[in-house]
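Here are a few exercises to work through with the model open beside you. Try each task before you read its solution.

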Amino acid sequence: MTDTAPGAPPRPTTLSAALSLAGAALVVLWLVTGRGPGTAPWAVGLAAAAVACWVARTGCALAGLRRVALGLGIAGALAGALAAAGTNGTGAVIAAVCVMQAISEPLLRPLAAGAVAVVAVGLVAIGAIAHPVSTESLVIMIVAVGLGALSGTSRRQALAAQGQAVRLRAQEAALQEEAARIAIARDLHDVLAHSLGGLVVQLDAADALLEAGDAVSARTRIVSARELAASGLGEARRAVTTLRAPTAEDDEPVAPEAVHGVVADLAAAHRALGGVVSLTERGRPGPMRSPVAVALERAVQESLSNARRHAPGAPVEVDLEWRDDVVRLTVSNPLAPPASPAASGGYGLVGMRERFAALTGGRVDAGERDGRFTVRAEASRGEG
Amino acid sequence: MNLSVVGNVVLIVLLIGWFGYRQTTWRPVATGRMWVTPLIMAVVGLGTGVQHGATLTGIDLAVLVVELVVSLGVGAWMGAIAHFRRISRDAAPSGRDAGAVYESRTGWWGLALWLVVIGLRVGIDVVGAQLGAHVATATGLILVLFAANRLARSAVLAVRLQRYEAAVPAAAGIPRP
């Protein structure tokens, strides 16, 4: 049994083991010098055996043999308790130390730990029946064993609290890892679904054009497919760079022109893929935090991808509205029967919702509205 | 046969009858209230013990402690063998036991353990009296021993119920009417 589990008592240091052995030596000294009219030979022998258990327990704890150490601790506690009255109380000291060590071991279940303490007290009393002592002496011996049990309990609880803290930290780390994993999945989806989906459209068109013998138009398609692939690669590189080393730039405000430019680029790409899109902007634009800009860009990208996939050729309306501190994006297209993006079970809308949910005042509504599929995403621009 | 022995016998017969009946029937477990009876018993027992007046010798104390430990042990044993089950909604208890979710029964083995406790009490009393323990054999103190027994039983039962609820949180979470 090793002590690697959370909440396990640390192995004793050499110093604490040395102190324990010094204590045992002191007790042996008491046993030897204290022999006389007040002691019983059987009790002294029993106490000697208890000290032997104490010493062996220390060795086992040092070697990491927790179960053996626990067994020796219990044996020492019971033998010491029975010998207490017959050794003028020296046995009670041994019992107190061994009870403390046994009870502090988390391997011992709580009820069993209580039982060890109670049985030890009972054995002190039985020892006092066999070798009568004064009421005061007996009370002191019982109190000594009780104190051992009490300090063992407090050590046990401290260890349990430590174990709890370790488990909590592990849980937190797991949660963070999970969040990071989801963020990576979202970025992968956004970058790859957009550029690969576009590539498929372009290459299908090129294929059809080549079949029809229109090599010139096919070449145009292939050239724009190459551009799309190159921009997708660039985006993938940027995403990987950000994941590898998130920089302070993430917190720098982004100018509204940059966002406008990115949205215009996405609209242009949509048109290049044979789509129809109109872009409107209302209100007074202002700077925003970088995560808001990224979320907006991804939302436009995802909505356009969805429109191409589920309502090919349908005119898409993209509206960017600036209101005080809030920026609102609305993307809508006529509903194409029978499937709608919400029913496709893709990860795009999920990722979009997650991105906006992480922003101040961020929310996404997506669904059918007046016969159109509409995505409405908004977030506070933050202290741009 | 002196008064102390007669008193012991009467108390023992009464307690056996009462607890025998309770052991073998299903009783609601009111987790808050199950500590009250033993505590009252302990206080009454200690009070009558103090009234006894004689000084407590080392032997008296030793005999008492041994009896207490045995009572605690047997009580814990009873708690360990007690059966418990959820009270059905229709039979939800009212009055003092309102709010109890479980009921328990120790059964005939519990009764046998009671007889063991009493046998030990009588045996230890006889041995103790021979050794010179007089206070320990006082009638009232038997109540303290019964209290210890009940306390240990309640403690073990409480731990078992806690463990059970932790193992089946869904069952424990059913709201009660």
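**Exercise 1. Place B:Trp18 and B:Tyr21 in the secondary structure, then describe how their rings pair.**

Step 1. Both residues sit in helix H1 (residues 3–24) of chain B, 3 residues apart, about one turn of the helix. Helices here are DSSP runs of H or I with at least four residues, strands are E runs of at least two, and both are numbered from the N terminus. This is a predicted model, where local features need pLDDT of at least 70, side-chain atom pairs count only at pLDDT 80 or more, and totals for chains, interfaces and linings use all residues. Residues are numbered from 1 along each chain as its sequence is written, chains are lettered from A and ligands numbered from 1 in the order in which they are written, and side-chain values use heavy atoms, leaving out hydrogens and water.

Step 2. Over all chains, the structure holds 2 aromatic pairs. B:Trp18 and B:Tyr21 form a tilted one, 6.4 Å centre to centre with 35° between the planes. To pair, rings of Phe, Tyr and Trp (its six-membered ring) need centres within 6.5 Å; planes under 30 degrees apart are stacked, over 60 edge-to-face, and the rest tilted.

Step 3. B:Trp18 is partly exposed at 45% relative accessibility, and B:Tyr21 is partly exposed at 46%. (Buried is under 20% relative accessible area, exposed over 50%, partly exposed in between, with a 1.4 Å probe and protein chains only.)

**Exercise 2. Explain why the pair of B:Phe84 and B:Tyr164 is edge-to-face, and say which parts it ties together.**

Step 1. The ring centres are 5.3 Å apart and the planes stand at 80°, so the pair is edge-to-face.

Step 2. B:Phe84 belongs to strand E2 (residues 83–86) and B:Tyr164 to helix H5 (residues 141–167), both of chain B, so the pair ties together parts 80 residues apart in sequence.

Step 3. B:Tyr164 is partly exposed, at 32% relative accessibility.

**Exercise 3. Describe the interface of chain A and chain B.**

Step 1. Between them, the chains bury about 1200 Å², 83% of it on carbon and sulfur atoms. Buried area is the accessible area (1.4 Å probe) that two parts lose on being put together, summed over both.

Step 2. In chain A, A:Leu111, A:Ile129 and A:Thr135 lose the most area to chain B, together 43% of what that side buries.

Step 3. The contact (heavy atoms within 4.5 Å) takes 17 residues from chain A and 15 residues from chain B.
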